[in-house]
Amino acid sequence: MPLPTDVRDAARSALESLDPTAREIFLARLDEWGPDLLDGLVTLYGAQRGIDTAKHLVEAAAGSYVERDDDLKRLDLSRMIHPNWIQSPDRIGYAAYTERFGGDLRGVVRRIPYLQELGVTYLHLMPLLTPRPGDSDGGYAVADYRTVREDLGTMEDLRVLTRELRAKGMSLVMDLVLNHVAREHEWARRARAGEQKYRDYFLIFPDRTEPDEYEKTLPEIFPDFAPGNFTWDEEAQGWVWTTFNSFQWDVNWANPEVLVEYGDIILNLANQGVEVLRLDAIAFMGKRKGTDCQGQPEVHAITEVLHALVRIACPAVILKAEAIVAPEELMQYLGRGRYTGKVSDLAYHNSLMVQIWSMMATKDVRLTAHALGSLPVAPASSTWICYARCHDDIGWAISDHDAGAVGLSGYWHRVFLSDWYSGLYEGSNARGLVFQYNPVTNDRRISGTAASLIGLEVAAERAKEMKDSVNPIDTVRANQDVDLAIQALFCVNAMIFGWGGVPVIWSGDELGQFNDPHWAEEEGHEADNRWAHRPRLDEDAVALRHDRSTIPGRVFESIAHLAKVRASLPYLEASTRTEIGAVDDPGVLVTVRHHPLGTMVGLYNVTPTHRSWPGWRLGQYGLENAVDALSGHSVRVDSDGTIALAPYQPMWLVRGEDGGAEN
Ligand code: GLC
C-alpha cells in the first residue's frame, strides 16, 4: 500500500530545519520502507487507525532523525552501503551483565581491550535501564525506559560507551523488553490509579471468566515461582495478564498507542548509539484465545512495523528476535512468506544450541543431522545468533517428529537430556541445575555454565583430589579427563564459530568459569537458579587468561584462536547457508558451506574416541588440497583412505591456499 501524501507531508515539515540533502535521504528511505510500515499497521489496526498511527510514527521518526548525531547518521549511510555488515565473519559476540562484567558502564569502557583480545565486535549488555526495585527478573522488569539503572551510570555514560565501542568497530546490543513492563512503570501506576488511557495499555479483566478461557490453552513459563498467567491486583481491581512474573505486566499490543510508545523508546535508544535491539520475549506479544499465545500472526506484523521504522529513521540499527521456540516455528521470526526480509535481522539459533548439547550427551549426530538438515531456508539477508548457552535456562526443544524420524522417542530423549545434564545419568560429569521442574509434563529445563555442563567442573575437582594420589595412574586419568573436557568445550565452541551466524560467548565461558556456588545468596535470586550461570567475571581467571597451563588460559586462548581464524575465512559469511553433510560416522557431524569462493567443510567429532571421515569426499567438495584452518595443517588422508579425527576434534576444511592460520 503506498504511503498517503499527508503522511509524507507530515515528515517533510518535521524535517524543515535540515539541509535539502539530509532531508532527501530521509524521504528516500521513507519511500522505500514507508509501505511496509503501513502494511504492518493496517494489518494490525485496520485502514483508518493504521494510517493515523503511521502518521504519528513517521513524525516521530523524522523528529529523531533531526536530532540524531552526525556520526550516527554517517553510520546509517555506511550500513546502507554495506547492508550485510552483521553477516561478516569478523562479527564475534559477547554477552554480559554490566555490573558483573565491568562494575558499571565506565567499567565496561575499561574492559574494551579485554574484549578486543577475544576478537569481540558485538557486545550485548544485559538489561541496564531502570528496573523495578527488588527482584526485577535480571532487569527484564523495566520501570523506566528513558534512564539507566542508577548504579550503572547515566544516559550520557551509555552514549560515551557506544562511541568508544564504535571507534573500535564494536556494536552495542541492548534489550528492548516489549512484552511487558514492571508493575512500577508509570503506565502501570496510572492504570492502577484509574486512568482509562493507561488501563488500555494492559490486559486487565474484572473477573476470572476471560482469564480462565485463555488459561485452557496457555502454558506456564515459570510454573515454580510464578504459576498461571494472570495476577489479581488489588489496586487495579482486576486480573492482570502476567505471562512471566507477577510483577511483569504484559502490555496490550492490540492498542496502537502502545506501539507508538515503543516506537519512541526505540528511536531514543537508537540515538544513544545502540546498534542492535534484542526484542525480548517477542513470541508472546500477540494474544489469541484458543492458542498458546505464542508466535501469533500479529507478532510478525508488529515486527514489520518496527523494522520499517528503524530502516527509515536510523538504518544503522537492526533487530534481533528473542524467540526461543520449537524448531519448526523458529524461521518465521526471520521472515517467511510476505514477511521475508521484513522482520528481524537476527534470531537465536535455539535448535542449534539444543542439538549441540544433545550430541555431546549421546555422542551421536544422527538426530542433529536430521533436525538441522530439515530446517527451512532462512532469508539470505538474515543471520543466526549461535551460542552454546545464554543467560537463560536450556529447554529441550527437540520435536517428537524429528526424534521419531531417527527412531527415538522425543519424550524419553528429553528426559535423558535432563538426566544427563543434571548429572543424574550414570557416567555423566555434567553439573547442571534443574530449572522449573513441571511434575505434570516431567519437563525439566537446565541451568549451568558451558564448562559445568560439559563436565569440566567435575573433572577439575577430581583432578585436584587426585593430584597427590598414591597411585599415579589415578592422577594421569584425572588429568586426562580435564584435557578431554577442555577439548569437548573447544568442539562445542568450534561448532558455534563455524556455523555461520554471529557466535556469542556468554560472560565467564571464555575463561571456563563454573557455576557460581553463591548464586542463591543474593536477595531476590534464591528461587531462580539461572543466576548460577551468570557469574561475576573472575578476576583471578582473567589474570591467568594467557597462561596455557591453566584452565582459564586454555579456554580463553582457544576461543580467541577460533575468533581469529573465523574472521579470516570468507566462507563463513552468514548469507551462505550451512548444510548438513552425509553421516558417514554417527560420531562425526559434517557441515558444508557452498560459498562462491569455494566450499568449506566442518567436521566435528562429538565423541571421546578416535573417529574418521572418508578421504574420497574431499574431491566431492573440490577440497583435494584441503587445509584444516583450525590447526593450519594440510589434511592427510591415511593409507586406509580416511582422515583421522582425534577425540572431540573439530576441523574446518578449506582450500589449501586459504588455510594457513597458525595455532
Ligand atoms: C526473556 C529473557 C529472560 C526473562 C524473560 C522475561 O526470555 O531472556 O531472562 O526472564 O524474557 O522478560
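**View 1. Who surrounds the ligand.** In this predicted model, the residues around the ligand (a heavy atom within 4 Å of it) are Asp137, Tyr140, His180, Phe222, Phe244, Gln248, Arg278, Asp280, Glu322, His391, Asp392 and Arg530. By class, that shell has 3 nonpolar, 3 polar and 6 charged residues; here Asp, Glu, Lys and Arg count as charged, and Phe and Tyr are among the nonpolar ones.

**View 2. Polar side chains at the ligand's oxygens.** Aspartate 392 puts a side-chain N or O atom 2.4 Å from a ligand oxygen. For glutamate 322, the distance from a side-chain N or O atom to a ligand oxygen is 2.9 Å. Histidine 180 also has a polar side-chain atom 2.9 Å from an oxygen of the ligand. On its own the ligand exposes 300 Å², and the protein buries 95% of that (Shrake-Rupley method, 1.4 Å probe).

**View 3. Two assigned domains.** An automatic or database assignment gives domain 1 (186-250) and domain 2 (572-658). Their centres, taken over C-alpha atoms, are 53 Å apart.

**Notes.** Numbering starts from 1 along each chain as its sequence is written, and side-chain values use heavy atoms, without hydrogens or water. Local features need pLDDT of at least 70 and side-chain atom pairs 80 or more, while totals for chains, interfaces and linings use all residues.

Technical notes: Polar contact = N/O pair within 3.5 Å; in protein donor to acceptor, adjacent residues only side chain to side chain.
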